[in-house]
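Hello,

Here is the structure I said I would hand over. Please look through it first; my notes on what was found follow below it.

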Amino acid sequence: MPAPSPLFVLHVPSPLGTIQLTSTENHLFKACFLENGPEADSPEFPDCLRQAATQLEEYFAGKRHSFDVPLHTQGTTFQQQVWQALQQIPMGKTDHYLGLAKRMGNAGAVRAVGVANGANPWMILVPCHRVIGAQGQLTGYAGGLWRKQWLLEHEAKLVGTYQTSLF
């Protein structure tokens with residue numbers, strides 16, 4: 001699906017590197033880590049972009065446990081269902097692909113859940129980093145496994161628990 005236009009861009013520093021936020025006038029379109037230096041920010045920002053930046057800053061400062069930024073849901077119906085399920089995983093907890101598939105009522109959709117999880121365009125805000133392997137191991141994360149581990153440890157400190165295993 002092509003990107004809507006116009007798009008606005010804002011870069012947010014974080015303990016894990018620069019996060020690039022992209023939005024439409026009313027919805028966050030994408031949030032991702034930059035591996036290279038940031039490009040220029042847009043000269044003006046819509047409220048939803050400022051809101052996303054503020055909420056990420058609060059998250060990293062330990063003052064926010066969930067996000068309520070309006071998202072531009074550009075995925076398939078199934079992807080959107082997976083992304084909704086990801087948002088139900090509480091901070092400080094983890095789940096795995098089979099667990100998500102079962103909660104969605106389709107245990108046979110494990111691989112499809114994994115693909116949809118990997119296609120999540122709003123890292124951290126839609127917490128795909130909370131999905132680990134069924135045996136408790138860290139599995140793929142677009143931002144890198146070291147960032148995934150940091151995020152899980154950060155959240156564990158905020159809620160006073162660290163669950164690396166589901167069993």
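Arg103 counts as partly exposed, at 45% relative accessibility. The classes used here are buried for a relative accessible area under 20%, exposed for over 50%, and partly exposed in between, with a 1.4 Å probe and protein chains only. On that scale Asp95 is buried at 11%. Arg103 and Asp95 form a salt bridge, with their closest N and O atoms 3.1 Å apart. The rule for a salt bridge is a side-chain nitrogen of Lys or Arg within 4 Å of a carboxyl oxygen of Asp or Glu.

Before the rest, the terms of use. This is a predicted model, where local features need pLDDT of at least 70 and side-chain atom pairs count only at pLDDT 80 or more, while totals for chains, interfaces and linings use all residues. Residues are numbered from 1 along each chain as its sequence is written, and side-chain values use heavy atoms, with hydrogens and water left out.

Salt bridges

The count by the rule comes to 4 salt bridges. Besides the pair already described, one of them joins Arg130 and Glu155, whose closest N and O atoms are 2.8 Å apart. This pair links distant parts of the chain, since Arg130 sits in the loop between helix 4 and helix 5, and Glu155 in helix 5, 25 residues apart. Helices here are DSSP runs of H or I with at least four residues, strands are runs of E with at least two, and both are numbered from the N terminus. Arg130 is buried, at 5% relative accessible area. Glu155 is buried as well, at 1%.

Another salt bridge is formed by Arg147 and Glu35, with 2.6 Å between the closest N and O atoms. Arg147 belongs to helix 5 and Glu35 to the loop between strand 3 and helix 1, so this pair ties together parts that lie 112 residues apart in sequence. The two partners fall in opposite classes: Arg147 is buried, with a relative accessible area of 4%, whereas Glu35 is exposed at 59%.

Domains

The domain assignment of the protein gives domain 1 as residues 8-61 and domain 2 as residues 77-159. Such bounds come from an automatic or database assignment. The C-alpha centres of the two domains are 21 Å apart. In contact terms (heavy atoms within 4.5 Å), 14 residues of domain 1 meet 16 residues of domain 2.

About 1,300 Å² is buried between domain 1 and domain 2, and carbon and sulfur atoms give 70% of it. Half of what domain 1 buries against domain 2, 50%, is supplied by Leu16, Phe33 and Tyr59, more than by any other three residues. Buried area means the accessible area (1.4 Å probe) that two parts lose on being put together, summed over both.

The rule finds 1 salt bridge across this interface; Glu35 and Arg147 are the pair in question when domain bounds are set beside the partners. It also finds 8 residue pairs in polar contact across the interface, both residues at pLDDT 80 or more. Strand 3 (28-33) and helix 1 (47-60) each supply at least two residues of the side of domain 1 that touches domain 2. Strand 3 gives the largest share of that side, 6 residues. By class, the same side has 12 nonpolar, no polar and 2 charged residues. Nonpolar covers Ala, Val, Leu, Ile, Met, Phe, Trp, Tyr, Cys and Pro, charged covers Asp, Glu, Lys and Arg, and the others, Gly among them, count as polar.

Two serines and an isoleucine

Ser23 lies in strand 2 (residues 19-23) and is buried, with a relative accessible area of 0%. Leaving out residues up to four places away in sequence, Ser23 touches Pro6, Leu7, Phe8, Leu28, Phe29, Pro46, Cys48 and Leu49.

Ser14 is placed in the loop between strand 1 (8-12) and strand 2. Ser14 is also buried, at 16%. A polar atom of its side chain lies 2.6 Å from the backbone oxygen of Gly17. A polar contact is a pair of N or O atoms within 3.5 Å; within protein, one must be able to donate a hydrogen and the other to accept it, and residues adjacent in sequence count only if both atoms are side-chain atoms. With residues up to four places away not counted, Ser14 touches Ile19, Phe33 and Phe60.

Ile124 is worth a look for its backbone: phi is near 70°, a positive value in a residue other than glycine. Ile124 sits in the loop between helix 4 (110-118) and helix 5 (145-159), and is buried at 1% relative accessible area.

Regards
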